[in-house]
Amino acid sequence: MTDLKEKPTGDLQVSGQRRLTAAQFQHLAEVPAAVEWFANIDNPRTRRAYQNDLEDFCGFVGLRGADEFRAVNRAHVLAWRADLEQRGLAGATIRRKLAALASLFDHLLENNAVAGGNPVHGVKRPKIETNEGKTPALGDHQAKALLEAPDPDTLKGQRDRAILAVLLYHGLRREEAALLKVADILERRGIKHLRIHGKGGKLRFVPLHPVAAERIHTYLEHSGHQLDNPKAPLFRPLRGRQTGTGVSANGLYTLVGEYAKAAGIEVAGLGVHGLRATAATNALEHEADIAKVQVWLGHANISTTRMYDRRQSRPEDSPTYKVKY
């Protein structure tokens with residue numbers, strides 16, 4: 001790729017060979033607004049992803065200090081986008097990287113840390129390849145098999161039956177399920193609800209499905225830990241139960257994979273997010289209002305919810321099955 005040089009600085013250049021070291025990246029600390037921007041990203045996974053994205057950009061452009069952000073212009077961003085495309089990154093990944101950079105510059109502009117406009121604005125982002133997300137969703141028969149996979153006669157099985165019901169009937173993210181406390185089961189207008197701690201510290205309340213309610217009751221009745229402390233994690237590990245920690249987000253991911261295998265479900269890449277997609281797809285197929293599904297899932301933008309809307313691509317509705325000879 002042709003190098004792009006900014007003459008006003010004399011040393012800022014775009015080069016595919018140059019990469020910023022971790023120590024150099026810490027020069028961001030020289031701009032308090034950038035530190036504040038990072039601090040306002042509550043989700044640790046999002047923070048890590050955005051930091052990697054910005055390290056990628058800084059390394060590509062060759063920024064040696066935070067003050068050089070003032071010299072970045074649209075040409076640098078366009079060159080970076082072209083490099084990302086040449087590296088064969090998915091369109092969704094490129095969109096996220098550009099979004100991270102745009103968000104940082106918006107914050108820097110608001111705090112007068114840089115001058116001019118946002119150099120990312122106006123840079124075309126890759127289109128989403130399809131309206132249907134790539135996250136695998138289970139069919140109804142597969143979801144039922146997964147729900148029945150754990151042994152109902154053991155404490156572990158009772159806990160895991162409750163976990164799978166919470167995931168499949170409410171579409172929670174794995175972090176949200178891992179954060180649930182006993183006290184997050186509460187009544188609102190006489191109906192049992194789950195209080196969910198979502199992204200960005202946002203709370204939402206979702207009515208508790210009767211199947212999940214019954215399974216949680218059975219699990220807690222045998223575990224007994226709801227009597228110890230209502231603030232205790234809802235789903236506790238069977239080992240080290242007195243540590244006060246709940247089943248981790250990674251533990252939930254492993255649990256789903258193990259029971260999918262036990263139930264004979266062969267879906268590549270299936271994890272907790274796949275169960276979230278399953279719940280959303282099922283709700284939409286049974287005529288749930290998409291705007292209400294958006295709130296139910298905790299999506300900030302309805303376009304994200306539409307990625308779960310597979311009603312136009314259901315195999316059983318295909319013209320294939322209308323052909324008769």
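Begin with the open sheet of 3 strands, whose order is 3-4-5 with antiparallel pairing; strands here are DSSP runs of E of at least two residues, helices are runs of H or I of at least four residues, both numbered from the N terminus, and two strands pair if DSSP finds at least two bridges between them. This is a predicted model, in which local features need pLDDT of at least 70 and side-chain atom pairs count only at pLDDT 80 or more, while totals for chains, interfaces and linings use all residues. Residues are numbered from 1 along each chain as its sequence is written, and side-chain values use heavy atoms, with hydrogens and water left out.

Select the edge strands, strand 3 (185-188) and strand 5 (203-207), each of which pairs on one side only. Neighbouring strands of this sheet are turned by 45° against each other on average, direction ignored, where the axes are lines fitted to C-alpha atoms, for helices over the stretch in contact, and angles run from 0 to 180 degrees between N-to-C directions.

Add strand 4 (residues 191-197), which pairs with strand 5 in the antiparallel sense over 5 bridges. H193 has P207 of strand 5 as its bridge partner, and L194 has V206 of strand 5. Strands 4 and 5 form a hairpin with 5 residues between them, and G200 in the turn has a positive phi of about 65°.

Now colour the two faces of strand 5: R204 and V206 make up the covered face, and L203, F205 and P207 the uncovered one. In a regular strand the side chains alternate between the two faces of the sheet. With F205 still selected, show R188, whose charged end sits over the ring of F205 at 4.0 Å from its centre; the rule asks for NZ of Lys or CZ of Arg within 6 Å of the ring centre and within 35 degrees of the ring normal.

Move next to helix 4 (residues 74-86) and show W80 together with F57 of helix 3 (residues 44-61), a pair that links distant parts of the chain, 23 residues apart. Their ring centres are 5.1 Å apart and their planes stand at 70°, so the pair is edge-to-face. Rings of Phe, Tyr and Trp (its six-membered ring) pair if their centres lie within 6.5 Å, planes under 30 degrees apart counting as stacked, over 60 as edge-to-face and the rest as tilted; by this rule the count comes to 2 aromatic pairs. F57 is buried, at 0% relative accessible area, and W80 is also buried at 0%, where buried means under 20%, exposed over 50% and partly exposed in between (1.4 Å probe, protein chains only).

Stay on helix 4 and pick out its buried residues, among them H76, V77, R81 and D83. At the start of helix 4, a side-chain oxygen of N73 reaches to within 2.9 Å of the backbone nitrogen of A75, and after the helix comes G88, with a positive phi near 75°.

From W80, step to L98 in helix 5 (residues 91-110): the C-alpha atoms of the two residues are separated by 9.3 Å, although they lie 18 residues apart along the chain. L98 is buried, with a relative accessible area of 0%.

Finish at T305 in helix 13 (residues 302-306), a residue that is buried at 0% relative accessible area. Its side chain makes a polar contact with the side chain of H299 at 2.8 Å, that is, a pair of N or O atoms within 3.5 Å, of which, within protein, one must be able to donate a hydrogen and the other to accept it, residues adjacent in sequence counting only if both atoms are side-chain atoms.
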